[in-house]
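Got the viewer open? Let's take a short walk through some side-chain contacts, one selection at a time.

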Amino acid sequence: MGFLREYEALSSADARRALLFQWMNQRRHELYAELREFAPVFSTPDFFLVTRYEDARRILEDSQCFKVRAYPTSGNIVLGKDREDGHDADRKVLSRLFPKKDYKRIRDIAAKKAQELIDVASGKGGALQAVV
């Protein structure tokens, strides 16, 4: 347990926040693996990190009880918005950018790139730059 031990040793909220963001940006795979095992719902003074797939899926599907906020360092993205924050309107605009006839090709390109990143992460390929 590297991150949690470091985090708990700090008493300042600012120092804890800085450490968390450092791990999120530089060692995210280690961070999330540790949190999934030892703190699957990790609470900070600013937000919660939910690290297990089934838990996250339930939250994302229940917009009445849970608000969706973007990954703290990801900026303003469609997937980080609730319906009332403009998710549906933004998605509608984005869907108009691509003709329906291109959806399969776009999906195939995304699937190929995802598989390449998975292969690299699992040791079957070259160096992994970043997967968020």
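Before you click anything: helices here are DSSP runs of H or I with at least four residues, numbered from the N terminus. Also keep in mind that this is a predicted model.

**Stop one: helix α6.** Select residues 103-121, which make up helix α6. Now show the side chains of K104 and D108, which sit 4 residues apart in that helix, about one turn. They meet in a salt bridge, with N to O at 2.9 Å. D108 is partly exposed at 41% relative accessible area, while K104 counts as exposed at 53%.

**Stop two: K101 and D102.** Step back along the chain and select K101 and D102, whose side chains form a salt bridge at 3.6 Å, N to O. Which of the two is buried and which is exposed? K101 is the exposed one, with a relative accessible area of 70%, whereas D102 is buried at 16%.

**Stop three: helix α4.** Go to residues 53-61, helix α4, and pick out E54 and R57; they are 3 residues apart, which puts about one helical turn between them. Their side chains meet in a salt bridge, 2.7 Å from N to O. Both ends are partly exposed: E54 has a relative accessible area of 39%, and R57 comes in at 33%.

**Stop four: a network.** Select D14, R17 and D46 together, and you have a network of salt bridges linking the three. If you want to keep hunting, the count for the structure comes to 10 salt bridges.

**Stop five: the aromatics.** Time to switch to rings, of which the structure holds 5 aromatic pairs. Start with F3 and Y7, a tilted pair with centres 5.3 Å apart and 40° between the planes. Both belong to helix α1 (residues 3-9), 4 residues apart, about one turn of the helix. F3 is buried at 0% relative accessibility, and Y7 is buried too, at 4%.

Leave F3 selected and add F42: these ring centres are 5.7 Å apart and the planes stand at 70°, so the pair is edge-to-face. F3 lies in helix α1 and F42 in strand β1 (residues 41-43), so this contact ties together parts that are 39 residues apart in sequence. F42 is also buried, at 5% relative accessibility.

Now add W23 to the selection: F3, Y7, W23 and F42 form one aromatic cluster.

**Last stop: R27.** Keep W23 in view and show R27, whose charged end sits over the W23 ring, 3.9 Å from its centre.

How values were computed: Residues numbered from 1 in each chain as written. Predicted model: local features only at pLDDT ≥ 70, side-chain atom pairs only at ≥ 80, totals over all residues. Heavy atoms only, no water. Salt bridge = Lys/Arg side-chain N within 4 Å of Asp/Glu carboxyl O. Helix = DSSP H or I, 4+ residues; strand = E, 2+ residues; numbered from the N terminus. Buried < 20%, exposed > 50% of the residue type's maximum accessible area, 1.4 Å probe, protein only. Phe/Tyr/Trp six-rings, centres within 6.5 Å; stacked < 30°, edge-to-face > 60°. Lys NZ or Arg CZ within 6 Å of the ring centre and 35° of its normal.
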